[in-house]
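Let's go through a protein model together and ask how each label is earned. Have the viewer open and follow along.

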Amino acid sequence: MGSAGLAAPPPLLWMAPALSGGGYSSEALTFALGLAPRLGRRFSLRQFAEQADTHFASGLPPHLSALLSRALELPGDRGFDTRLRRRGVVVCHATPDAWVPSAFAGWDAIAPCPPAHAPFAVGRTMFETDALPAAWVARCNRMDEIWVPTDFHREVFAAAGVRADKLVVIGEPVDTAFFDPSLHTPLPLPPLDASASTPAARPFRFLSMFKWEARKGWDVLLAAYFAEFSPSEPVELLLKTTPFHSPSNFDQLIAEWAAARRLPASRPAVRVLGAPLPLRELPRLYAAADAFVLPSRGEGWGRPHAEAMAMGLPVVATNWSGPTAFLDEEVGFPLRYALAPLPDEMRLPSHSWAEPSVAHLRQLMRAIFSAPAEARRRGAAARERMVARFSPEALAREVEGELRRIDAVLRAREGATGRGATMRDELR
């Protein structure tokens, strides 16, 4: 028997690009951080959908390395599969085009998800617009359930044609024990003007973290920042960014963007951090900032938002899609927006996303800069919310509750049919 006299939950195999870096990787590792100690030998993590990134793995903090040594399967090890065959649950944590039959060459042979013998298959996924790619709907409906992170996604998936009875909302955890401002010193950031005879006082720092793509709204951020602040004000914009189907000469890209808009050559300070930063150092970057701002056009969840909140930073985020699940005016600064169609080159006709308000972003950034005490108050409240509602332990309890519900469904199905038929068998 498990805790409180309950039967143990069924075995859980979590398949995800855990060692690949990126959003799905970070989310999967943080789910595992809560689930592995709670489920013990009834939990296993399997690399899936993407190759492992050795550079990312080498930069993990010790507690995640220790987690992987316990919970991550070795390549080719399928010993856990025997635990799944009767009433086990597998979570396919990736975009639906990676699920069987995978659109990614070789993955159905390397690590098919869901495995053919899994009694109950869950797809864990999300999207960043107000619709779904057409091919996703059928793939979702072939799964027993789809776990999405927010009510926003439940509505979008159902409107697109995913069966409403398959959709379950389970939020996303953030590693609040690791992203704890009391544990980390700020990352050293030398003055931008190293030639100055007298070192300048530390500026007020806005941090933004994103892939260099239109969805992240870097153009909205630059437009608001350059319009609102003057070069003489003690303020700095930190951009932690990486290429995404784009060049990596970010300083030049910013200069060309500004020149195309005929902005003055003298502008408030921008510092681009384009070099890789090991995950173990990431909290120190948040600790070096005074506020986090990301006016994205759509988010599945918003991992850097949640990490910044766990680090006690005031956060400015577009009040649409993923962040609406955890950000409001009590703990941050929601940004107004209007819906707009996606650009034609994205080849998603009929999809819309948010167009954040530059004017409102200017107001919010100025308010945070001018009234830092109120901003810090909201940042402290943000950490409290992350610890109470979105820690790995809190989300692990939610998942365990879902596992027990699924186990009851499978037991009832066995009793009714006399066999371990999956829902996917019955739908064929």
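Q: Before we look at strands side by side, what makes two strands a pair?
A: Two strands count as paired if DSSP finds at least two bridges between them. Keep in mind that this model is predicted.

Q: How do you know that strand 7 and strand 8 pair?
A: Strand 7 and strand 8 are joined by 9 bridges and run parallel. The cut-off is at least two bridges, so they pair. To find one such bridge, look at W212, whose partner in strand 8 is P243.

Q: What makes the crossover from strand 7 to strand 8 right-handed or left-handed?
A: The chain leaves strand 7, passes through helix 8 (residues 218-228) and arrives at strand 8. A crossover is right-handed if this path runs clockwise with the strands pointing away from the viewer. That is how this β-α-β crossover is classed: right-handed. Strand 8, helix 9 (residues 250-260) and strand 9 also make a right-handed β-α-β unit.

Q: How do you know that strand 8 (residues 235-243) and strand 9 pair?
A: They run parallel and are joined by 5 bridges; the definition asks for at least two, so strand 8 and strand 9 pair. Here K240 stands opposite L273 in strand 9.

Q: Why is strand 8 called largely enclosed?
A: Buried means under 20% relative accessible area. Of the 9 residues of strand 8, 7 are buried, so the rest of the structure largely encloses this strand.

Q: What makes strand 9 and strand 12 edge strands in their sheet?
A: The open sheet has 6 strands in the order 9-8-7-10-11-12, with parallel pairing. Strand 9 (269-273) and strand 12 (333-335) each pair on one side only, and that makes them the edges. From one strand to the next, the twist averages 25°.

Q: Which helix packs on this sheet, and which strands does it touch?
A: Helix 11 (residues 303-310) touches strand 7 (204-212), strand 10 (291-294) and strand 11 (315-318). Its direction makes about 165° with that of strand 10.

Q: Which strands are the edges of the sheet with the order 2-1-3-4-5-6?
A: That open sheet has 6 strands with parallel pairing. Its edges are strand 2 (43-47) and strand 6 (167-169), each of which pairs on one side only. Strand 1 (residues 12-16) pairs with strand 2 in the parallel sense over 5 bridges, and M15 has R46 as its bridge partner in strand 2.

Q: Now to the rings: why is the pair of Y286 and F292 called tilted?
A: The whole structure holds 22 aromatic pairs. In this one the ring centres are 6.3 Å apart and the planes stand at 55°. The centres must lie within 6.5 Å, and an angle that is neither under 30 nor over 60 degrees counts as tilted, so the label fits. Both Y286 and F292 are buried.

Q: Where in the chain do W320 and Y337 lie?
A: W320 sits in the loop between strand 11 and strand 12, and Y337 in strand 13 (residues 337-341), 17 residues apart.

Q: Why is W320 called buried, and what is Y337 called?
A: The relative accessible area of W320 is 8%, under the 20% cut-off, so W320 is buried. Y337 has 34%, which lies between 20% and 50%, so Y337 is partly exposed.

Q: How do you know that R378 lies over the face of F333?
A: R378 is 4.1 Å from the ring centre of F333 and lies over its face. The distance limit is 6 Å, and 4.1 Å is within it.

Methods
Residues are numbered from 1 along each chain as its sequence is written. This is a predicted model: local features need pLDDT of at least 70, side-chain atom pairs count only at pLDDT 80 or more; totals for chains, interfaces and linings use all residues. Side-chain values use heavy atoms; hydrogens and water are left out. Helices (H or I, at least four residues) and strands (E, at least two) are DSSP runs, numbered from the N terminus. Axes are lines fitted to C-alpha atoms, for helices over the stretch in contact, and angles run from 0 to 180 degrees between N-to-C directions. Contact means heavy atoms within 4.5 Å. Buried means under 20% relative accessible area, exposed over 50%, partly exposed in between (1.4 Å probe, protein chains only). Rings of Phe, Tyr and Trp (its six-membered ring) pair if their centres lie within 6.5 Å; planes under 30 degrees apart count as stacked, over 60 as edge-to-face and the rest as tilted. A charge sits over a ring if NZ of Lys or CZ of Arg is within 6 Å of the ring centre and within 35 degrees of the ring normal.
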